[in-house]
Amino acid sequence: MIRWLLWLLGGLLLGGIVHLATVLLLPRTATQDAYTRLSATAPANGIMALPAPTPDDAVLPFMDPAFATAVCRYDLATGPLKLRVPVSQAYTSVSFYTRSGIAFYAINDRAAGRRIIELDLMTTEQRGEVPEDEEVTAADRLIVESPTPTGLILIRTFGPEPGLMPMARRALAAAQCGSQS
Amino acid sequence: MRLLIGFLFAFAVAAGFGLGLTQFALTRGTAFGAITIGAWTAWPKTGTSDIDPYARAAIARSGELPIGSGDGVAFFAALDDTGRALDGRCTVTIAGTTPAARFWTVTLYDLDGRLIPNAADRYGFTSQEIARRADGSFDIVLAPRARAGNWLPTGGIDRYVVVLRLYDTPVGVATRTAKDAPMPAVTAAGCA
């Protein structure tokens, strides 16, 4: 009897390790995460408008239907990325996600404080290569460091009511995302 | 032979217990960094780089992109104020006021995060659409059949979640109690 209890205890301890290992490894093995879902259709370093979510079809779960959404799937292997988003009349936000979907930075139109949200996205390494003096002249240029070389940028504009959604979508169409040159 | 059976038993326990615990934690959500106010729960850290490993695994599994903390914060309610699961065949009222924010949206989803099909093609409200009383408070009625006022159709499904998203808001990681963030009451009434 004691022997079986010991086996049970050993099993539970091992189970705890299995639990922690699966939780930590799951993000690396996920086949349905946002990046994987979007990489089938979204071009690298370009903008794609996402269709409005419907009950039958939504690119991602828990999307807010009151927003028009566009995605820029970035790959910094070829160099830093430039993002230019003219703000809409209602509300505009730009959110940055790592390859595994961690929201590492987000900014909205009010925090940006002007009519166009302009950002440079680069890896820590590329940031180090930016010449000092250039950084000074471009003091009003916002630089965001990405923890991973690939990831997603979500650009969202608010449609306060269904009739204003076309306006929100039009505002998105003016957004630009691409390599610097 | 007994040793082998012992090992097999221990491995079976380990697999069942470990994977079961993982499944449970990822589908139920965890308490790490959660703010619960009335029926509503938010995980503001999930929208930052400080996200905990459980939430990280949960978003990798579901494919969700959590709302960034510089954008807003999302409060989820799957139960009413008395702790009963929200049932799409019943009438549920969301009433009161909301915390300070530039605007908010309220949306109904099934438990997998899909919008709920309905003939009116109405999946939620924004704060600018709803009718309010003179003091700024409001009622939103969630019911399977049409109601006067701010009505959101539940499509008659068994279980659903309500998500209240505050945008451009001071509510976040530092928020603790209902004093910082007065959330509306969620009350279930009769069932159809």
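1. B:Asp121 is placed in the loop that runs between strand S5 (103-109) and strand S6 (124-126) of chain B. In this predicted model, the residue has a positive phi, near 50 degrees, although B:Asp121 is a residue other than glycine. Most residues other than glycine have a negative phi. With a relative accessibility of 57%, B:Asp121 counts as exposed.

2. A positive phi also occurs in chain A, at A:Asn45, where the value is about 50 degrees and the residue is again not a glycine. A:Asn45 belongs to the loop between helix H2 (34-39) and strand S1 (47-49) of chain A. Its relative accessibility is 16%, so A:Asn45 counts as buried. The two loop residues therefore fall into opposite classes of accessibility, A:Asn45 being buried and B:Asp121 exposed.

3. B:Asp52 deserves attention as a charged residue in a loop, here the one between strand S2 (40-42) and helix H2 (53-62) of chain B. B:Asp52 is buried but takes part in no salt bridge. The nearest side chain of opposite charge is that of B:Arg56, at a distance of 7.7 Å, whereas a salt bridge requires the nitrogen and the carboxyl oxygen to lie within 4 Å.

4. What does the side chain of B:Asp52 reach? Its partner is the backbone nitrogen of B:Ala55, at 3.0 Å. When neighbours within four places in sequence are left aside, B:Asp52 is in contact with B:Thr30 and B:Phe32.

5. The packing of two helices in chain B can be described as follows. Helix H1 (residues 2-28) and H2(B) pack with their axes 9 Å apart and at an angle of about 80 degrees. This angle makes H1(B) roughly perpendicular to H2(B). On the H1(B) side, the residues that meet the other helix are B:Gln23, B:Ala25, B:Leu26 and B:Thr27. On the H2(B) side, they are B:Tyr54, B:Ala57, B:Ala58 and B:Arg61.

6. Over all chains, a search of the whole structure finds 15 salt bridges. One of them joins A:Lys82 to A:Asp120, with 3.2 Å between the closest N and O atoms. A:Lys82 lies in strand S3 (residues 81-86) and A:Asp120 in strand S6 (residues 116-123) of chain A, so this pair ties together parts that are 38 residues apart in sequence. The partners are not equally accessible: A:Lys82 is partly exposed, with a relative accessible area of 36%, while A:Asp120, at 1% relative accessibility, counts as buried.

7. Chain B supplies further examples. The side chains of B:Arg89 and B:Asp87 meet in a salt bridge, 3.0 Å from N to O. B:Arg89 has a relative accessibility of 39% and counts as partly exposed. A salt bridge also links B:Asp139 with B:Arg133, at 3.2 Å from N to O. Both partners of the latter pair fall in the partly exposed class, B:Asp139 with a relative accessible area of 31% and B:Arg133 with 43% relative accessibility.

8. Which residues are joined into one network by salt bridges that share partners? The members are A:Asp109 and A:Arg110 from chain A, together with B:Arg102 and B:Asp168 from chain B. This network thus contains residues of both chains.

Note on methods:
Residues are numbered from 1 along each chain as its sequence is written. Chains are lettered from A and ligands numbered from 1 in the order in which they are written. This is a predicted model: local features need pLDDT of at least 70, side-chain atom pairs count only at pLDDT 80 or more; totals for chains, interfaces and linings use all residues. Side-chain values use heavy atoms; hydrogens and water are left out. Helices (H or I, at least four residues) and strands (E, at least two) are DSSP runs, numbered from the N terminus. Buried means under 20% relative accessible area, exposed over 50%, partly exposed in between (1.4 Å probe, protein chains only). Lys and Arg count as positive and Asp and Glu as negative; His and the chain ends are not counted. A polar contact is a pair of N or O atoms within 3.5 Å; within protein, one must be able to donate a hydrogen and the other to accept it, and residues adjacent in sequence count only if both atoms are side-chain atoms. Contact means heavy atoms within 4.5 Å. Axes are lines fitted to C-alpha atoms, for helices over the stretch in contact, and angles run from 0 to 180 degrees between N-to-C directions. Angles under 35 degrees count as roughly parallel, over 145 as roughly antiparallel, 65 to 115 as roughly perpendicular and the rest as oblique.
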